[in-house]
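Me: I would like a close look at one spot where two helices come together. Could you take me through it slowly, and then show me what else is in that chain?

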Amino acid sequence: MTAKTATKYQVLAIQLIVGVGVIAFLFFASRFNSFLPSPIAVFIAGGDLLARPELYWNLGVTLYEALTGLLIATVLGIGVGVLAGANRAASEFLSPIILALYSVPKIIFLPVLLMVFGVGLPPKIANAALHAFFPIVLNSMVGMSAVNRLHLKVARSMVASRSQIVFKVFLPSMVLPVFAGVRLGLGLSVMGALLAELFEAQAGVGYLVHQFYAKGLIAEMIVLIIVVFVVILSINAGMQRIENRLNRWRGA
Amino acid sequence: MSFSYKMARIATLAGLAAVFLCSNAIAADPIRVKVASTNKEVFDNLPLYVALHAGMFKKENLAVEITHFAGGGEVVRAIASGSMDIGMVATTAAIIAVGRGESLRMISAYSAPAYGILFVVQTDSPIKTVKDLVGKKAGISRPGSVSHTGLNAALQAHGIQGQVEAVPVGGSGDGWAVLKSGRIQATHHTAPDVYSLIDRGEARILFQLSEFLKNYQQGALVALDGYLGKNGETTRKFLRAVAEAAKFIDQNPAEATRIGAKGMGTPEPAMRATIDAMPAGFFRIGVPESKNFEASMAEALGSGALKTAPAYDKVVDRRFLP
Amino acid sequence: MKGASMRISRKIKTRLGHLVVAVLFVAALETLVGSGAVSQLVMSRPSQIWLRLWEDLATSELWLSLATTVHEVSIALVLSLLVGTSLGYAFYCFRTFRRAAEPLLVAFYSAPAVLLYPVFMTLLGQSSATVITMAVVLGSVPIAINVAVGFAGIEPIWRKVGQSLNATPRQMLLRIMIPAATPVIVTGFRLGLTFALIGVIALEFLTYSGGLGRLISWRYFIFDTNGVYSGIVIVAVLSILVNSLLGTLERKVRSRWV
């Protein structure tokens, strides 16, 4: 067994332990408070829900909203982040504005988004993008400004062209923080889509969750949350692969 | 027959066909109406879905799109900002909006008296009647909401007003979660959703709002003044269609159950039970009654939502009623 | 001398730039709402918000709500920093642990983070405890992730320099690693603290338990848009205060260790 597969098993083992811990927490909490279902009830509800198409259709809607929003947020976030982090003047000008916007509870923008984008999918996508934008832009800014001055000096002394500097100096140093931002953004974009669905929706996971919650079907609600969790894990794993590749290219 | 006679016949047929096709083409473009309503599972949505699926809207040549928002507040906002045409909201929400200066108008009463809202306790709770609530806490959605007014009416009828604390909890889902935390002993809920808890043996209905809240208009239909000015005829058609749907529900409960269950995502038995227990004439398109109106005004003023209440004639626009 | 005056003039330029942006923004809102293009139930005129803000500051209602929120935010911030930093450092030290936990945390931040509030509410009630718990959960994750990334991203050359100078582990940590990782870590702090603050307001709003969130929720319910935005301005000011406190702290850390 190579060192790589050894760690892979360790990772899985730790995740399994966390999973068992959560089930144990639910088990004890449900005995203490009957609002919470026992793990067995969740399991049974899961079996029932997963057999019906209703779950998958709504999940698809929410994922579409979230991922489209994430894409928009990544493009805008990296774009603005690069501009803002490029030089100290831009950074000093743009950071307080970004931070000020960030510090307003984003739930307030929802009526504004509904007004601007109408109803249906667009406001959900917009809200997803809004939520995912901030970690991406902030981490991009930091990535830009934390570029190793030494590398930059060396590149300049070798009379490297603009594009060479961008590709060989800036981009590699930005990879880690930007990816950390995008990964956080992934979860947040789903949260943004869900929050918008709680406000106005006729489809999507948020809508389903509200229906279950109003009817007191908490086991079903928990199943939905677990399904979203697992889906995000898978997408995240895919992103991890891309990040590892970029890391190798970076030469770390 | 002679050639000219044949030609005359062909010409007449062609002419008739042309008129038929043209009139169909003119009539074929249905008028689009964007309707805003509260949560899909709320019982008050039934007439809208019946009108949509049992052909009433189609008969009036209306293409209606129903969008569901999380609460009356969102419906009012959607109407006020012009993104939706006609809305179904709690009467009090409409009055408060007008009181804040919005050019919103109530074009019809919709559902009265209060129904579908009730208070529940846990099945094994020692609370068996309203009187047992003395010294306890009951969950309402928000101060000044219909659940609050209904609770007060029930308490007053038993002479124990002031001895029960009303705790704002939010929606029925939140209320149930807080009840289970032990902080409150009863909470508001809605039919048909509540049947999900009752069928599983978790909850028991303590009382229905309709038992105590008699002079109360629950739902109303609203639209912006600007919209009404330009779409008076469409509004008339809309109200006619919904009035038909209301009658249909009374006369065809089985079919209404089927449509409602499918459209609103509720199991048929729960929907049927809710329809059967409906007060006579619950859904009714017509003039908002002034005594009902006063009850909602009292709500708006009592909760502190408004300092001065708008006059009846400022809120209600009766011009489009059938 | 020239360098100092250049820095000052750039500072003035930046401040001026901010002022221009703020004025344009306020003017745009004032016109949009004043003309009726945007409904007064969705957005308020800045002039009205300003007036309402001063009215609010004269009421006890506002100060009581503010007190509750500040109390909850303070506890949530401190706990988020503690939990987040410890978790982040553990992530850094035990790489396998980080590889295992990080995806779980990112996935958690989607649905569970928000939708699990009923779980806490039913166990802890409509209280500060629920609000603070959820805010800490929300706030500590970005801190943990950025602390780990910050340490991991340090150029190997710095470590080699430390080794060649025979630095003790403590010196390595304090004199090399922390200064090098500070920018990314501080960004993580900013994110985390803002999440914790927003988390407190959002939970107060959802659970109607108290504080500014509850005030904003009530005003939202009764279409008191001016009141809603007055409350939001206060939240924003609170957030700016917290962030600038963090900025001062960052400068102190930098000057002490770099």
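Which residues in H2(B) meet which residues in H11(B)?

Reply: Happy to help! First, this is a predicted model, in which local features need pLDDT of at least 70 and side-chain atom pairs count only at pLDDT 80 or more, while totals for chains, interfaces and linings use all residues. Residues are numbered from 1 along each chain as its sequence is written, chains are lettered from A, and ligands are numbered from 1, in the order in which they are written.

Now to your spot. On the H2(B) side you will find B:Leu46, B:Pro47, B:Val50 and B:Ala51; they meet B:Ala241, B:Val242, B:Ala245, B:Ala246, B:Phe248 and B:Ile249 in H11(B). Contact here asks that the C-beta atoms, placed from the backbone, lie within 7 Å. Helices (H or I, at least four residues) and strands (E, at least two) are DSSP runs, numbered from the N terminus. By class, this contact has 10 nonpolar residues, no polar ones and no charged ones. (Nonpolar covers Ala, Val, Leu, Ile, Met, Phe, Trp, Tyr, Cys and Pro; Asp, Glu, Lys and Arg are charged; the others, Gly among them, are polar.)

How do the two helices lie? H2 (residues 46-53) and H11 (residues 232-251) of chain B pack at about 100°, and their axes are 8 Å apart. Axes are lines fitted to C-alpha atoms, for helices over the stretch in contact, with angles from 0 to 180 degrees between N-to-C directions. H2(B) and H11(B) are therefore roughly perpendicular to each other, a label for angles of 65 to 115 degrees.

Next, look at strand E10 (residues 219-224) of chain B, where six of the six residues are buried, meaning that 20 or more other C-beta atoms lie within 10 Å of a residue's own, with C-beta atoms placed from the backbone. In a regular strand the side chains alternate between the two faces of the sheet. Both faces of E10(B) are covered: B:Gly219, B:Leu221 and B:Ala223 are buried on one side, and B:Ala220, B:Val222 and B:Leu224 on the other.

E10(B) also has partner strands; strands pair if DSSP finds at least two bridges between them. Strand E3 (residues 86-90) of chain B runs antiparallel to E10(B) and is joined to it by five bridges, with B:Val89 opposite B:Ala220. Strand E4 (residues 104-111) of chain B is antiparallel to E10(B) too, over six bridges, and here B:Ser111 faces B:Gly219.

Elsewhere in chain B, five strands make an open sheet of mixed pairing, in the order E7-E6-E8-E5-E9. E7 (165-168) and E9 (203-208) of chain B stand at the edges with a single partner strand each, so one side of each has no neighbour in the sheet. From one strand to the next, the twist averages 40°.

Inside that sheet, strand E6 (residues 137-140) and strand E8 (residues 186-190) of chain B pair in the parallel sense over two bridges. B:Ala138 has B:Ala186 in E8(B) as its bridge partner. Helix H7 (residues 172-180) of chain B packs on the sheet, touching E6 and E8 of chain B, and its direction makes about 155° with that of E8(B).

Definitions and conventions
Buried ≥ 20, exposed ≤ 12 C-beta atoms within 10 Å, placed from the backbone. Parallel < 35°, antiparallel > 145°, perpendicular 65-115°, else oblique. Contact = placed C-beta atoms within 7 Å.
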